[in-house]
Amino acid sequence: MATNPTVENFTSLEVATTNSTSSFSGATDPFSIALIIIYSVVLLVGATGLTVMISLLKTNIRSLTTIAFLNLMVAHFLFLLTVPFRLYYYASGTWELNHGICKLVSAMVHIHIYMVFTIYSILLTIRFLQFYKKTQRTEFYRRLHGLGASVLVWVVLLIILIPVVLVQYGQKNSDEREQENRCFNFGNKIEDKFVYGLNVVLSICIVTVSCVQTGVQVMILRLMVLKYGAASRSQQEFWVQIKNLSFVLIMLTCLVPYHLFRLQYLNHPKDLGQINEVFLAITGLTCVDMLTFTGKNVCKVCWT
């Protein structure tokens, strides 16, 4: 039976379009331009925040806030090391390094997301419990306890993430071998049922926990306003809660949108690959949290 030329040409065009959805043609591509701008802001804000925080580093490493800050610094620092690779790729449109480095750079942004979310959740939960008088301690008994807790969090997180990375970013398939100069094209791995289910669970978990913590934070601020009225701003606890609110807002603006969109992306990875990269880049803006730790001291650093 003869094949309809029109149908055949349309099918070929559709396949070509689908295969190009996750590729970037360099600085002239609109998605590449958006990604370059976002990651440039991430690199600038992140480097500035880390520099300021290092200059204001506290010596009391038993403090819960200090331990959280140190872990965030490590997470942000490791992530920022990979940002220049992304900027170069989106500007040039080609990947000249080996596939292993591509997998590492691609995986680091996800490790950064889950590490930041874990630290936020732990810090906010303890502060909420402290507000409701469920716990009075804000320091570890010894310095080694604080360091041990940090190591435990990293080990548990990496034990969970490393197998996911190895599964999701496994061996290259035939399509990837044909595009040796491309990177971050791992959407086909989502077809695996385990990877798909794990992504759904993680996205729902992050969205749910973020919304719950937002609700608790709003209730706490409401209680404080009802109790102190106009004098709330003179209460130290009020400003502690405002700082907590900044973490909640960072989650709502940087992490939640990506994971809400990801639920849609998981069902259409080929069609939404480029848009997914933009939402993924926005998660890097969590690096702004370094500036929330500085408080009024950041002004002293800027003027000295």
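## Disulfide, salt bridge and cavity in a predicted model

The torsion about the S-S bond of Cys 102 and Cys 183 is about 110 degrees, so the disulfide is right-handed. The sulfur atoms of Cys 102 and Cys 183 lie 1.9 Å apart, and a disulfide is defined here as a pair of cysteine sulfur atoms within 2.5 Å. The pair links distant parts of the chain, 81 residues apart: Cys 102 belongs to helix H4, whereas Cys 183 sits in the loop between helix H6 (174-178) and helix H7 (193-228). A search of the whole structure finds one disulfide.

This is a predicted model, in which local features need pLDDT of at least 70 and side-chain atom pairs count only at pLDDT 80 or more, while totals for chains, interfaces and linings use all residues. Residues are numbered from 1 along each chain as its sequence is written, and side-chain values use heavy atoms, with hydrogens and water left out. Helices (H or I, at least four residues) and strands (E, at least two) are DSSP runs, numbered from the N terminus.

**Cysteine accessibility.** Buried means under 20% relative accessible area, exposed over 50%, and partly exposed in between (1.4 Å probe, protein chains only). The table lists values for four cysteines.

| Residue | Relative accessible area | Class |
|---|---|---|
| Cys 102 | 1% | buried |
| Cys 183 | 2% | buried |
| Cys 205 | 38% | partly exposed |
| Cys 287 | 1% | buried |

For Cys 287, the closest cysteine sulfur is in Cys 254, at 9.2 Å, which is too far for a bond.

**Salt bridge.** Side chains of opposite charge can pair when their charged atoms come close. A salt bridge is counted when a side-chain nitrogen of Lys or Arg is within 4 Å of a carboxyl oxygen of Asp or Glu; by this rule the count comes to one. The partners are Glu 277 and Arg 86, with their closest N and O atoms 3.6 Å apart. This contact also links distant parts of the chain, since Glu 277 is in helix H9 (residues 273-282) and Arg 86 is in helix H3, 191 residues apart. Both Glu 277 and Arg 86 are buried. Helix H9 is largely enclosed by the rest of the structure, because seven of its 10 residues are buried. Those residues are Gly 273, Gln 274, Asn 276, Glu 277, Val 278, Leu 280 and Ala 281.

**Second largest cavity.** On a 1 Å grid over the protein atoms alone, a cavity is a set of points where a 1.4 Å probe fits but cannot get out, and lining residues have an atom within 4 Å of a point. The structure holds two cavities of 30 Å³ or more, and the second largest has a volume of about 30 Å³. Its lining consists of Ala 75, Leu 78, Met 108, Ile 111, His 112, Met 115 and Trp 154. Helix H3 (64-92) and helix H4 (99-131) each supply at least two of these residues, and H4 gives the most, with four. The lining divides into six nonpolar residues, one polar and no charged.

**Helices H2 and H7.** The expected span of a helix is 1.5 Å times one less than its number of residues. For the 26 residues of helix H2 (residues 30-55) this gives 38 Å, and the end C-alpha atoms are 38 Å apart, which agrees. Among the buried residues of H2 are Leu 35, Ile 38, Tyr 39 and Val 42. In helix H7 lies Leu 202, which is partly exposed at 23% relative accessibility. Leu 202 and Tyr 114 are 88 residues apart in sequence and 9.1 Å apart in space, C-alpha to C-alpha.

Conventions
On a 1 Å grid over the protein atoms alone, a cavity is a set of points where a 1.4 Å probe fits but cannot get out, and a pocket is an open set with protein on both sides within 12 Å along at least five of seven lines; lining residues have an atom within 4 Å of a point. Grid points are joined across faces, edges and corners, and a volume is the space filled by probe spheres set on the points. Ala, Val, Leu, Ile, Met, Phe, Trp, Tyr, Cys and Pro count as nonpolar, Asp, Glu, Lys and Arg as charged, and the others, Gly among them, as polar.
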